[in-house]
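Me: I would like to work through a protein structure by means of questions and reasoned answers. Please show the sequence and the structure before we begin.

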Amino acid sequence: MTDRVDALVVGGGSTGCGIARDLAMRGLSVALVEQGNLTHGTTGRMHGLLHSGGRYAVSDQASARECIEENRVLREIASHCVEMTGGLFVQLEDDPDEYFEEKLAGCRECDIPAEVLTAEEAREREPYLTGDVKRAIAVPDGAVDPFRLCVANAADAAEHGARIETHAKVTDVLVEDGEVAGVEVEHESGPGKRNHSLPGTTEEIRADHVINATGAWAGRVGKMAGVDVEVRPSKGVMVIMNVRQVDTVVNRCRKKGDADIIVPHETTAILGTTDVEVEDPEDYPEERWEVDMMIETLSELVPILDDARTIRSFWGVRPLYEPPGTGTTDPTDITRDFFLLDHEDRDSLPGMTSIVGGKFTTYRMMAEKISDHVCAKLGVSAECRTAEEPLPGSEDFSVLRDYMDEFGLRSPIGRRSVQRLGSRADDVLETTDPNPTVCDCEAVTRAEIQDAIDGSGSDLNAVRIRTRASMGNCQGGFCCHRMANELHPRYDEPTVSEAWDELVQERWKGERHALWGEGLSQAALNYQLHATTMSLDRTPEIADFGAFDSGVETATDGGERTTGSRSSSGPRSDGGRTERGRDGD
């Protein structure tokens, strides 16, 4: 395994994986290191919107044009990661006409297809919209699976020779003779696929050029190299509903504000979001009132949300960047554009470039820009091909074949498998072994689980990201143990138990903010299954079940309330900072 490469990418989010793919396709030797799983940072904590550009058509038309251009590219190269749901900007009776007209004109100026719908036409597309709808603008928004897209980029980079290292945390940036020469990484369980219970190692990876693509963490990596990267992290909450109350991306057509979008995603709908600047991307308050506010405000658009069941909530951190001297105090005013920071020109430190800011929808274009920059530095003339060549799984996805007969699967299961695997379906599902369903909620079969284990080792959270197993209504209550069982006999019992514990703990982190009504009953059932029947409470420190058992928490007014009731009486706090959830499901 080589420890010297042409280009080293730090960060396994969408931009980092896109850069690794681009550079590897141009013939460079490439390594990528990521401190957690792929999508560990911002990429794994977004609402899955494939922008049409409509959201920026008034405030930032340059970004709007980039979004519609990349929207069209991703539909071509990543068809198995994209669902073209369409989008609506909905005007309610009290929303201003002027802004509606500005939005419509902005879309047309940016070459974004936009159609005005009457209230009746809008409700015909989305029957659960409120009766207060005045009219709507239809745009080509979509839903995209960030996990699948990120993994597909990393897989294609690996197929072109790149070395991909997850759970490899950068502990130092090597600066020698006034230039960056590589990084030192700490492997959580040794290099290569993660294997629980293996001891960690430290390694120096040397490179002709280092790319800092760590998003909200870019300032930390910059500091290791002795340079300032002025990232301004901004948190946003998202809430996952148990079914798709809408099949179209629904936006509120008014000026920027909290809680103004609903994104249908796989079997769920995701509500978002807020925009609050924080100092530390890993240490900020997750407050229950934010969850309540999402539901209460978006119920003005889709009233059924107020009676629906939530299954999970999570917070993400945007890697906003503001050039020095701008002085913006409101995070919503900070540009969503991206910036390439050449540290040789900027800080007299050759050998490293940072990329900051930007949006998920434009990740490929950002990767192209920085790859052009790195190639110019290294004297490589190869052209970018990422906009033309499909990602693994999308090579031949023009026809969704009926896999029921071919693989002996019931139609809905076969359809979901093919949607996830795309053109890889034959390779994964064609097996002579029994292929039962392991995850009932998301219809994930054993063949997909085994394929993910082939790529991820004993890391069940990485298996989850690749397959969506444990991400449905039961949040792993009925499939975590089945997933762990699939690790045997490749891995021994202590390794399997550790992987299982980690998955259960990760699922619990996102559920605890949604404990009322039927969600509370589900959590109680999962508690009984995992903590009692399966004896996972043998080590109480793996999950804070005591917080659930106590049934009370402190309100901001100093009083107490019983866990399990969602009140509309105003903001509340869970009174503490909590470890970040790691996913965006």
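The exchange below concerns this predicted model, beginning with the chain as a whole and moving on to strands and single residues.

Me: How many helices and strands are there in the protein chain?
Reply: The model is predicted, and its secondary structure is counted along the protein chain. The count comes to 18 helices and 24 strands.

Me: What percentage of the residues in the protein chain is buried?
Reply: A residue counts as buried when its relative accessible area is under 20%. The protein chain has 585 residues, and the buried share of them is 60%.

Me: What share of the contacts with a separation of 6 or more comes from residues 24 or more positions apart?
Reply: A contact requires heavy atoms within 4.5 Å. Among contacts in the protein chain with a separation of 6 or more, residues 24 or more positions apart account for 72%.

Me: Which residue in the turn between strand 10 and strand 11 has a positive phi?
Reply: Strand 10 covers residues 168–176 and strand 11 covers residues 179–187; they run antiparallel and are joined by 8 bridges. One pairing across them sets Ala168 opposite His187 in strand 11. The two strands form a hairpin with 2 residues between them, and the turn residue with a positive phi, of about 55°, is Asp177.

Me: Which residue in strand 12 stands opposite Gly182?
Reply: Strand 11 is also joined to strand 12, residues 201–212, by 6 bridges, and this pair runs antiparallel. Opposite Gly182, in strand 12, stands Arg206.

Me: Why is strand 18 described as largely enclosed by the rest of the structure?
Reply: Strand 18 spans residues 310–321. Strand 13, residues 231–241, runs antiparallel to strand 18 and is joined to it by 11 bridges; Arg232 stands opposite Leu320 there. Strand 18 is largely enclosed because its buried residues number 12 of the 12.

Me: Which strands stand at the edges of the open sheet with the order 3-8-4?
Reply: This open sheet has 3 strands, and the pairing is antiparallel. Each edge strand has a single partner strand, so one side of each is left without a neighbour in the sheet; the edges are strand 3 (49–50) and strand 4 (82–83).

Me: Which residue in strand 8 is the bridge partner of Glu83?
Reply: Strand 4 and strand 8, residues 142–144, run antiparallel and are joined by 2 bridges. In strand 8, the bridge partner of Glu83 is Ala143.

Me: What distance separates the C-alpha atoms of Val90 and Leu301?
Reply: Val90 lies in strand 5, residues 87–92, and it counts as buried because its relative accessibility is 0%. Leaving aside neighbours within four places in sequence, Val90 is in contact with several residues, including Leu129, Val250 and Leu301. Val90 and Leu301 are 211 residues apart along the chain, yet the separation of their C-alpha atoms is 8.1 Å.

Me: How many disulfides does the count come to?
Reply: A disulfide is a covalent bond between the sulfur atoms of two cysteines. The sulfur of Cys439 has its closest cysteine sulfur in Cys479, at 4.1 Å, which is too far for a bond. Cys474 is likewise in no disulfide, as the nearest cysteine sulfur, that of Cys441, is 3.9 Å away. With sulfur atoms required to lie within 2.5 Å, the number of disulfides is 0.

Me: Is Cys474 buried or exposed?
Reply: The cut-off for buried is under 20% relative accessible area. At 7% relative accessibility, Cys474 is therefore buried.

Technical notes:
Residues are numbered from 1 along each chain as its sequence is written. This is a predicted model: local features need pLDDT of at least 70, side-chain atom pairs count only at pLDDT 80 or more; totals for chains, interfaces and linings use all residues. Side-chain values use heavy atoms; hydrogens and water are left out. Two strands pair if DSSP finds at least two bridges between them. Helices (H or I, at least four residues) and strands (E, at least two) are DSSP runs, numbered from the N terminus. Buried means under 20% relative accessible area, exposed over 50%, partly exposed in between (1.4 Å probe, protein chains only).
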